[in-house]
Amino acid sequence: MAFENLTDNVKEIDKNVRSYVETSIEYYKLDLFKKTMKSTISLANTLVMGSLLMLILIFLSVGVSIWIGQAINHIPAGYFIVAGFYGIVMVLLAIFGKSYFKKRLLIKYSRIFFND
């Protein structure tokens with residue numbers, strides 16, 4: 001009798017452990033899916049907003065280039081002045097902006113992955 005009760009208890013424990021492992025696996029799959037989707041949506045939003053911002057920047061740049069060119073009576077010089085401005089901005093970002101953007105991205109995606 002005691003051996004049968006022990007066998008039944010061991011079978012019940014085995015069943016419970018298997019159920020726990022399966023449930024844990026499903027939970028982690030769902031959690032990974034949720035975090036992946038949040039990251040994907042965040043990336044898609046960033047790309048869409050960045051694209052729209054680039055279009056706005058292009059049209060503003062052309063407008064400012066023409067305006068500067070007309071002000072100095074030499075239209076191509078306006079384009080060169082705006083291009084020089086963007087060149088200076090690019091050099092400054094290359095020197096000072098790398099750590100800033102790295103920090104911002106790390107903070108943003110750490111919040112998505114670890115704060116839920």
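What follows is an informal exchange about how the labels in this predicted model are earned.

Reader: What are the ground rules here?
Author: This is a predicted model, in which local features need pLDDT of at least 70, side-chain atom pairs count only at pLDDT 80 or more, and totals for chains, interfaces and linings use all residues. Residues are numbered from 1 along each chain as its sequence is written, and side-chain values use heavy atoms, with hydrogens and water left out.

Reader: Why is Ser42 called buried?
Author: Buried means under 20% relative accessible area, exposed means over 50%, and partly exposed is in between, with a 1.4 Å probe and protein chains only. Ser42 comes in at 11%, so it counts as buried. Ser42 is part of helix H1, residues 2–71; helices are DSSP runs (H or I, at least four residues), numbered from the N terminus.

Reader: What is Ser42 in contact with, leaving aside its neighbours within four places in sequence?
Author: Lys108, Tyr109 and Ile112, where contact means heavy atoms within 4.5 Å. Take Tyr109: 67 residues separate it from Ser42 in sequence, yet C-alpha to C-alpha the two are 9.1 Å apart in space. Ile112 is also on the list of buried residues of H2, along with Ala77, Gly78, Val82 and Gly97.

Reader: What makes Arg18 and Asp14 a salt bridge?
Author: The rule asks for a side-chain nitrogen of Lys or Arg within 4 Å of a carboxyl oxygen of Asp or Glu. For Arg18 and Asp14 the closest N and O atoms are 3.2 Å apart, so the pair passes the 4 Å test. Side chains of opposite charge can pair when their charged atoms come close. Both residues sit in helix H1, four residues apart, about one turn of the helix. Arg18 is exposed at 54%, while Asp14, at 37%, is partly exposed.

Reader: How many salt bridges does that rule give?
Author: Three. Another one joins Lys29 to Glu26, with 3.8 Å between the closest N and O atoms. Those two are three residues apart in H1, so about one helical turn separates them. Lys29 has 52% relative accessible area and is therefore exposed, whereas Glu26 has 47% and is partly exposed.

Reader: And Lys35 with Asp31: are they buried or exposed?
Author: Both are buried. Their side chains meet in a salt bridge at 3.2 Å, N to O. Because they are four residues apart in H1, about one helical turn lies between them.

Reader: How do you know that Phe85 and Tyr86 form a tilted pair?
Author: A search of the whole structure finds three aromatic pairs. Phe85 and Tyr86 are one of them, at 5.6 Å centre to centre with 55 degrees between the planes. Rings of Phe, Tyr and Trp (its six-membered ring) pair if their centres lie within 6.5 Å; planes under 30 degrees apart count as stacked, over 60 as edge-to-face, and the rest as tilted. The 55 degrees of Phe85 and Tyr86 therefore lands in the tilted class. Tyr86 is partly exposed, at 31%.

Reader: Why is the pair of Tyr100 and Phe101 called edge-to-face?
Author: Its centres are 5.4 Å apart and its planes make 70 degrees, which means the angle is over the 60 needed for edge-to-face. Tyr100 lies in helix H2 and is partly exposed at 45%. Phe101 is partly exposed as well, at 44%.

Reader: What makes the nonpolar patch a patch?
Author: Its residues need over 30% relative accessible area and no salt bridge; nonpolar side chains (Val, Leu, Ile, Met, Phe, Trp, Tyr) are joined within 5 Å, and like charges within 9 Å. Met54, Leu57, Phe85, Tyr86, Val89, Leu93, Tyr100 and Phe101 make up this one, with about 740 Å² of accessible area together. That area comes from the Shrake-Rupley method with a 1.4 Å probe; for residues, only the protein chains shown count as cover. H1 and helix H2 (75–114) each give two or more residues, and H2 has the largest share, six residues.

Reader: Where does H2 bend?
Author: At Gly97, by about 60 degrees. The bend is the angle between axes fitted to the seven residues ending there and the seven starting there.

Reader: And what makes Asn73 exposed?
Author: Its relative accessible area is 70%, so it clears the 50% mark. Asn73 lies in the loop between H1 and H2, and has a positive phi of about 60 degrees although it is not a glycine.
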